[in-house]
Every structure is written in C-alpha cells, then in structure tokens.
Amino acid sequence: MGYRIGSGVDFHQLAEGRDLWIGGVKIPHHKGSLGHSDADVLLHAICDALLGAASLGDIGQHFPDTDSTYKNIDSKILLEKTVTLVRDKGYNIINIDSTLCLQAPKIKPYVPEMQSVIARICGLTTEDVSIKATTTELMGFVGREEGLVAYASILLERGV
Ligand SMILES: [Zn+2]
C-alpha cells in the first residue's frame with residue numbers, strides 16, 4: 001500500500017469591493033480576496049497539497065494567472081480539475097486537514113458548508129475534511145486584515 005502526504009499554503013490580499021470566497025462558500029464581509037481567479041485561499045491551498053502529494057507540481061503551473069481562461073474562475077472548478085489529475089495518476093484521497101488564518105470575519109458558522117462543498121468535489125465524507133481557523137492575535141498582515149492565509153495537508157493512497 002503506497003501512501004503519499006502533501007502540504008499546501010496560499011496567501012491573498014484582502015480588498016474592499018471584492019467578494020470573500022473561502023472553501024467554496026461566499027462569506028458576507030466588507031472586504032474580499034484579491035486575485036486573478038475568485039481567490040479562494042482555502043481551495044488553492046488544498047489544490048497545492050493534492051498536487052504536492054501526487055508530485056504534480058503546483059497550482060501556478062497547471063492554472064497560470066497569465067491565462068485569461070482562469071480570470072475570475074470559480075476555484076471549485078480548479079479543485080475539480082486537480083482531483084481529476086490526481087485520480088488519473090492513480091491516487092485516492094484519504095483525508096484533508098486545513099487551517100485558515102484570518103482576523104475577521106468569524107468563519108465558524110460557514111465551516112459545515114465548506115466541508116460539504118469540498119467533500120463533494122473530492123469524493124469524501126465531511127468527516128474527512130477538517131477545517132480549523134485561527135487569528136494571529138492582531139499581529140502582522142493577517143492581524144491588520146490586509147490578507148489571509150490557508151494551510152492544507154492531504155493524505156493520498158495508491159488506488160487498487
Ligand atoms: Zn490563491
């Protein structure tokens with residue numbers, strides 16, 4: 001049985017006038033993530049962890065921000081494409097663990113919906129999709145609400 005671990009991290013700036021998409025869920029807030037796509041920091045970290053676990057490079061390689069195809073794209077589509085790449089290489093996803101770092105808003109009420117969106121795309125149960133959140137105790141760019149960060153870890157197994 002072959003197991004493969006992967007880790008991913010992603011950062012985005014927060015800006016007025018942008019939607020805040022996290023984990024495939026639109027969260028009401030006066031600021032949103034700035035980026036070429038919908039800038040979903042959690043889905044991007046998960047994509048990178050999946051690609052890393054399968055030694056498939058990184059998200060920028062597969063979905064370059066210089067390609068207009070990906071302008072304002074729904075990151076759920078990027079995650080679907082990434083899951084296909086990983087499965088085509090012969091791997092199944094076992095579980096996902098992740099941590100979001102942001103000062104505001106509180107995302108706890110949205111976590112169950114994020115878990116079900118991600119579980120559906122990855123073919124997992126919500127029990128297999130862990131999403132944790134922390135502030136940085138007002139320190140640094142996260143504390144100043146200039147940006148947000150997501151970390152993800154993934155375990156894959158080679159399919160039978
Ligand atoms: Zn990103």
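# A tour from the zinc ion outward

Start at the metal. Select the zinc ion, then show D10, H12 and H44 as sticks: these are its protein donors. The contacting atoms are OD of D10, NE2 of H12 and ND1 of H44. They lie 2.0 to 2.1 Å from the zinc ion. Keep in mind that this is a predicted model.

Now look at how the donors are placed along the chain. Their spacing reads D-x1-H-x31-H. Colour by element to see what D10 and H44 bring together. D10 sits in strand β1, while H44 belongs to helix α1, residues 41-53. The two are 34 residues apart, so this pair links distant parts of the chain.

Are D10 and H44 buried or exposed? Turn on the surface and check: both are buried. For that label, the relative accessible area must be under 20%.

**Next stop: the largest pocket**

Keep H44 selected and add H36, S37, F63 and D65. These five are the closest to the centre of the largest pocket, out of 13 residues that line it. The space inside comes to about 210 Å³.

Which elements give two or more residues to this lining? Select β1 (3-16) and α2 (59-62): they are the ones. Then colour the lining by residue type. Five of its residues are nonpolar, six are polar and two are charged.

H44 ties these two stops together. It is a donor of the zinc ion, and it is also among the residues closest to the pocket centre.

**Then the loops**

Move to the loop between α2 and α3 (75-88), and pick N72. Its phi is near 60 degrees, a positive value in a residue that is not glycine. How much of N72 is accessible? Its relative accessibility is 47%, so N72 counts as partly exposed.

Go on to the loop between β5 (91-101) and α4 (111-122), where P105 lies. Select A104 as well and zoom in on the bond between them. A cis peptide bond joins A104 and P105. Omega there is about -5 degrees.

Last, find the loop between β6 (129-134) and α5 (140-143), and select L138. Here too phi is positive in a residue other than glycine, at a value near 70 degrees. With the surface on, L138 is exposed, because its relative accessible area is 62% and the label needs over 50%.

Key:
Residues are numbered from 1 along each chain as its sequence is written. This is a predicted model: local features need pLDDT of at least 70, side-chain atom pairs count only at pLDDT 80 or more; totals for chains, interfaces and linings use all residues. Side-chain values use heavy atoms; hydrogens and water are left out. On a 1 Å grid over the protein atoms alone, a cavity is a set of points where a 1.4 Å probe fits but cannot get out, and a pocket is an open set with protein on both sides within 12 Å along at least five of seven lines; lining residues have an atom within 4 Å of a point. Grid points are joined across faces, edges and corners, and a volume is the space filled by probe spheres set on the points. Helices (H or I, at least four residues) and strands (E, at least two) are DSSP runs, numbered from the N terminus. Ala, Val, Leu, Ile, Met, Phe, Trp, Tyr, Cys and Pro count as nonpolar, Asp, Glu, Lys and Arg as charged, and the others, Gly among them, as polar. Donors are N, O and S atoms within 2.8 Å of the metal (3.2 Å for Na, K and Ca); water is not among the atoms, so sites may look incomplete. Buried means under 20% relative accessible area, exposed over 50%, partly exposed in between (1.4 Å probe, protein chains only).
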